[in-house]
Each structure stands twice: as structure tokens, then as C-alpha cells.
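Please look at the predicted model below, following first how its strands pair and then how helices and nonpolar side chains are arranged around them.

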Amino acid sequence: MQSIQNLTDESISLLKSLICIPSFSKEEDKTALEIIRFLNSTEISYQRKGNNIWCHNKFFDPDKPTILLNSHHDTVKPNSGYTRDPFLSTTEENKLYGLGSNDAGGSLVSLLAAFRYFNDQKDLKYNLCYAATAEEEISGRNGIESILDDLGDLDFAIVGEPTLMQLAIAERGLMVIDCEATGKAGHAARNEGENAIYKAIEDINWFRTFRFPKESTVFGPISMNVTVIEAGSQHNVVPASCKFTVDIRVTDAYSNEEVLAIIQQHIDSQAVARSTRLKPSSIPLSHPIVQAGLALGHETYGSPTTSDQALLNIPSLKLGPGDSARSHMADEYIYIHEIEEGIKFYIQILNSILL
């Protein structure tokens, strides 16, 4: 068993290497190779599918439940505000700068360190499965969703994202729906036709004022916002169609499908979801991994941002070093001490339920 200090030093070295390799969503092949190089150097067996890499602990027992340790190695593209080279890993005043350092490189390497810490231990109560996955930033179909069947049965997951090592026990889902109110075209001067805009206004007002009966104990009510409207061709023609888009942040009180059904029952416009894949997620406060975290002095909260949790069908806890407020910002960074503390806490919280 390696010391936490050695694991930390090697994790920081790996993260520096990953920062230097562009890994935009769908272009993660080179960081996948770097992760494989690292696993080979530590003699850990792995599997790969697309740009996803995963491995199971050395003494995997098919009769035991399995914990998934997951984070992603793709990044967004650097924004125009960068003053530093986004692909140059530099350290100043205990900050490690570089694209993907905070989101989610710190979590990626820290979870791998925790996996390595337990990898060769016998008689664990759970198996461990570590997965470094692709396309998280775009919720792509060739990311974690594409390998779930390959990972085998999973009991619950720790999803590595920057949470300041607090326990995100719930995450909002995302559903975007396209709506269309249909009227009848006519000449505006003669008040002919049926104005689709007026019909849409009634439905838009419903979205603005409706409150779903059930509310999340973590998030409160579901949030619905009309964000795009498109109608009309010229000033003297009554429009026959008015299209609008609604951004819906679904809580753990409903499934996406339930929300869509309620919407379709209440509005006259046609409503079609672009996707129902990005589900709300949660883990019970009473779950052993949450209780372990609370016992170690950490707090729970509900996360407003979407992650690969949305694509999992098991209870999941979002937890990782770094701060979500730094994600996608110019001159992204993570504190060196956050990585060390992240590794220590991952090991502590897992130790509480593995041994």
C-alpha cells in the first residue's frame, strides 16, 4: 500500500501531464492514452472503449456489490478571457493553473489515487470500479452512458466533480422542450385568422406561474423558464405559428417523463422534449456513504449543475476537490492542497464502508 504523500505526488504529476494535452469533448484520445500510460506504469489492468477507460480492483469478487468511482477527462474549449496558455501547467502560490485542472482533473486523479490505495487490499466489503470517461461536458452518448453495460452491476457511485469536498446529495436534471402554438394566417388589417402568438402567450404564462404539487426537500420547486421565442414573418400577416423553447431544471421530486406529461396535459401548444436523458439524481441522506461523510464533518447540499450523474441509474454522490465556481473560467486553477485533501478524504470516506 502506497503512502498518501506518494499518491498525492504522483497524482499531481499526472494532472500536470493531462493539462498539457488538449482533450475537448469527442477529442479525448490523447488524454486516454496518457491515462493508459499511467495505469501501465502502476501495473493496473484496464479496459478501454472509445475514449473511456475503466478498471476493477485486484481482488474483485462478483458476489460483492460494486462502487463506481467516476470522473471525466474531457474539457470545454478555453474562453477568450485566458491570459495564460491553457495547455501549460504552471504552479504559482499553491495554485496549479491549466484547462481542466479544476473541472475535473483534480477529481479524476484524486479518485484514481483512492482506487490505487485500496486496489490490492483483500476482504473489502465492496468492489471498486474506477472509470475515466469522455464527453461529460456535452453529455455525449459516447461517454459514460456507452460503457454502463460493460461496467457490470453497480451499487452506487461517487462522481468526481469540484464540490469543495462537500457532499452533493442531489443534482437537478435538465430537460429542454420545444413548443409550438398553431393558429391560422390572415391579413392583420382585417383581423383575419387566429393569432398563434396570442395562443402561445397563454401557455407561456402557464409556464411562468405553474407550481408543481410535489417539491424537492433539497431544491424546492422545479424551475421552468421560456428562453427563446420565434414567430411571424412580416408586420401585416397574422402568424399561423409561434414557437418557443423552455429550459426546465427538474428536481428529484419528479422524473423527466412525469414533468413532460404534466406539461402536455396543461398547455394547448405542442410540446416535444429534445431529450429526457439528463435525469435528476439523488442519494438518500441515510445512505452509508453519506452518513460516513457527515461523520467526518462534511456538509450536504443540492448541486444546480449537471454532470454524468444525470446518466446513471443508481444512487450517486457528487464529491470532489476544487470549486465549481472556477469551472469554465479563464485561467482555470486548482489549489495543490485541495488535491491532497481530496485524496485523503476520498480514502477516509471509502475506508468507513470498505473495511
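In this predicted model, S4 and strand S5, which spans residues 95-97, are paired in the antiparallel sense through three bridges, and one residue match within this pairing is that of Thr91 with Leu96, its bridge partner in S5. The pair belongs to an open sheet of three strands, ordered S4-S5-S18, in which the pairing is antiparallel. Because strand S4 (90-92) and strand S18 (333-335) each have a single partner strand, they stand at the edges of the sheet, and one side of each is left without a neighbour there. From one strand to the next, the twist averages 25 degrees.

Two helices can be placed relative to this sheet. Helix H3, made up of residues 101-119, lies across S5 and S18 and runs at about 45 degrees to S18. Helix H8, covering residues 336-354, packs on the sheet and touches S4, S5 and S18, with its direction making about 60 degrees with that of S18.

The nonpolar cores come next. The largest nonpolar core has 53 residues, and the members that touch the most others are Ile67, Leu69, Tyr130, Ile289, Leu319, Ile349 and Leu350. H8 supplies the largest share of this core, namely ten residues. If residues up to four places away in sequence are not counted, Leu350 touches Ile67, Leu69, Ala114, Phe118 and Ile158. Another core, of 26 residues, lies apart from the largest one, and its members include Trp206, Ile222, Val259 and Ile267.

Key:
Residues are numbered from 1 along each chain as its sequence is written. This is a predicted model: local features need pLDDT of at least 70, side-chain atom pairs count only at pLDDT 80 or more; totals for chains, interfaces and linings use all residues. Side-chain values use heavy atoms; hydrogens and water are left out. Two strands pair if DSSP finds at least two bridges between them. Helices (H or I, at least four residues) and strands (E, at least two) are DSSP runs, numbered from the N terminus. Axes are lines fitted to C-alpha atoms, for helices over the stretch in contact, and angles run from 0 to 180 degrees between N-to-C directions. Contact means heavy atoms within 4.5 Å. A nonpolar core is a set of buried Ala, Val, Leu, Ile, Met, Phe, Trp, Tyr and Cys residues joined through side-chain atoms within 4.5 Å. Buried means under 20% relative accessible area, exposed over 50%, partly exposed in between (1.4 Å probe, protein chains only).
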